[in-house]
Amino acid sequence: MKYKPPGKHRTVEEFRRHFLSLDSSMGVEEKVLGGDGPLGRTLVLNGATIGNRFAVHPMEGWDGTASGLPSEHTLRRWRNFGKSGAKLVWGGEAFAVQEDGRAHPRQLYLNRNAEVGRGLKSLLEETKQGHRETGETTDDLYVGLQLTHSGRFAQPHGPHAPRIAYRHPQLDPKVGLGPDAVTLTDGELEGIGENFVRAAKLAWNTGFQFVDVKCCHGYLLHELLGARSRPAPYGGSFENRTRFVRLVVEAIRSECPGLEIGVRVSICDVFPYSKNGETLCGEAKDWEKYVPYEHGFGIDANDPRKPDFTESLQFLKMLEGMGIRLVNISVGSPYYCPHLQRPATYPPSDGYLPPEDPLAGVIFHLRAVRVCKQAFPNLLLVGSGYSYLQEYLPNVAQHEVGAGHVDFVGIGRMVLTYPQMPIDVLEGRRLDRKRICRTFSDCTTGPRLGLLSGCFPLDSYYRTLPEAARLREAKKTNPVTSGTALAGKTGEVKE
Ligand SMILES: Cc1cc2nc3c(=O)[nH]c(=O)nc-3n(C[C@H](O)[C@H](O)[C@H](O)COP(=O)(O)O)c2cc1C
């Protein structure tokens, strides 16, 4: 292991030295204050109180039924979201607005089956029930549903079945597209927009307080933001590339008055990374050949390994102008820059060895959200990428919220391994070190192998499933994951 993971530091001070050696503007609080500190503060959004500063990120489990309904695994995960004690449950998981927009055959999706509404209702009920089990009131719990179309990364029946907004030199081959690939027509896009509105209506009628119009991680609405080579009306200028999201938001507003709308956005991006054949490390291969780079959103055209926030801030200004206050800031995509989108010690099977200290990936997230918060202090921003901080997540989270760099600390993978971490922090309990996410990436590798997702190494519920053995075997034969197969089995980090 090349980079020392946070959990290997014995003291806060040791960790702080490591973290600040990468960026001296970062902060790590020595003492975590629990619910009496910044993380316990409430926030009010249009009259609704959100009871603390933890948010649960949307986390899919690749575990719905073939007809798009929740399974027992799905219900358990949502109950755990409620048990976390976090007062903002951002989206639960990506809910596809139509069948061909699913990222995998087990994704929940809008269809004609009348059971779909009941399925969503049961997820909401599980979340509230889990929350009550912690002794918490649900009066200040705020729960939304994330709406998505997977676009380029759609795999509704298993194999790639991309629906693309524009041709992309690096990403077309990645999803098996050749020279004759076609882009979505304007009419097809508009049909998808109508399904966003139908799905929002269903969420609203079910009792969700908000919907997230998902614009992140390479999926369709994110891809549209970077569709410079697409003709008008949905490509080309910034005005045109943002037209689709504007129309969807306006239509939801008019059909569902009173339903809050949030946006999760990959606010910046980088040139797609790939695995170096010899070192197995991630690299932005041949990026120089494509300068000025015209693909993607929030990328520096002259050095596409770096973000450029010019349009990112314009986008936030547009959202604010439309009365949107809830924005969840993410970066990049798990498909082409997983080291940034979800920093990890151990890569997923379709990834690569870390090209840099994964803490630099965490810093990439923290800096991005700081830039946004500074420019738009009135937006309520959720930050991402915290799970890799491991034991020191609360120390960094408290600093970021306390300093006003972010409003909510969003937690993804950590909630799969250790759902109660937020409430343990808020109630001043010692962290359960055995449950802390060590970023084995099995939760991503499982789905990449067509299996369900969950924390196979640390959650006994998954460890005992037959899929756990299949996952372990498959990891052994993959050069990127083979070094981590043993670690995944024992749940211990081997150096
Ligand atoms: C298994 C898994 C499922 C995920 N599902 C979603 C999803 O449905 N929607 C979404 O916006 N992000 C999804 N993400 C990304 C997370 O929400 C989060 O951005 C990412 O894991 C980084 O945060 P973390 O460091 O706290 O894990 C998923 C990530 C993982 C590992």
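In the predicted model, a polar backbone atom of Pro-58 is placed 2.9 Å from an oxygen atom of the ligand. A contact of this kind also involves Ser-387, where a polar side-chain atom lies 2.7 Å from a ligand oxygen. At Gly-412, it is a backbone N or O atom that lies 2.7 Å from an oxygen atom of the ligand. The ligand taken alone exposes 610 Å², and the protein buries 99% of that area.

The ligand is located in the largest cavity. Around the ligand are 23 residues, of which Gln-146, Arg-264, Ser-387, Gly-412 and Arg-413 come nearest. Two of these names recur in the polar contacts described above: Ser-387, through a polar side-chain atom, and Gly-412, through a backbone N or O atom. Divided by class, the shell around the ligand consists of 8 nonpolar, 9 polar and 6 charged residues.

With regard to the overall fold, the secondary structure of the protein chain amounts to 18 helices and 13 strands. The radius of gyration of the chain is 21 Å, close to the 23 Å that the globule rule gives for 495 residues, so the chain is as compact as a globular protein of that length. The C-alpha trace spans about 55 × 55 × 45 Å along its principal axes.

Attention may next be given to the backbone geometry. Most peptide bonds are trans, and most residues other than glycine have a negative phi. In the present model, the peptide bond from Ala-232 to Pro-233 is cis, with omega near 10°. Pro-233 belongs to the loop between α6 (220-225) and α7 (238-241). A cis peptide bond also joins Val-291 and Pro-292, with omega at about -5°. The loop that holds Pro-292 runs between β10 (282-283) and α9 (310-321).

An unusual phi value is found at Leu-280, which is not a glycine but has a positive phi of about 65°. Leu-280 is situated in the loop between β9 (274-275) and β10. Strand β10 thus borders two of the loops described here: the loop from β9 to β10, with Leu-280, and the loop between β10 and α9, with Pro-292.

Key: Residues are numbered from 1 along each chain as its sequence is written. This is a predicted model: local features need pLDDT of at least 70, side-chain atom pairs count only at pLDDT 80 or more; totals for chains, interfaces and linings use all residues. Side-chain values use heavy atoms; hydrogens and water are left out. A residue is near a molecule or strand if one of its heavy atoms lies within 4 Å of it. A polar contact is a pair of N or O atoms within 3.5 Å; within protein, one must be able to donate a hydrogen and the other to accept it, and residues adjacent in sequence count only if both atoms are side-chain atoms. Accessible areas come from the Shrake-Rupley method with a 1.4 Å probe; for residues, only the protein chains shown count as cover. On a 1 Å grid over the protein atoms alone, a cavity is a set of points where a 1.4 Å probe fits but cannot get out, and a pocket is an open set with protein on both sides within 12 Å along at least five of seven lines; lining residues have an atom within 4 Å of a point. A molecule sits in a cavity or pocket if more than half of its atoms lie within 2 Å of its grid points. Ala, Val, Leu, Ile, Met, Phe, Trp, Tyr, Cys and Pro count as nonpolar, Asp, Glu, Lys and Arg as charged, and the others, Gly among them, as polar. Helices (H or I, at least four residues) and strands (E, at least two) are DSSP runs, numbered from the N terminus. The radius of gyration is taken over C-alpha atoms; the globule rule is 2.2 Å times the number of residues to the power 0.38.
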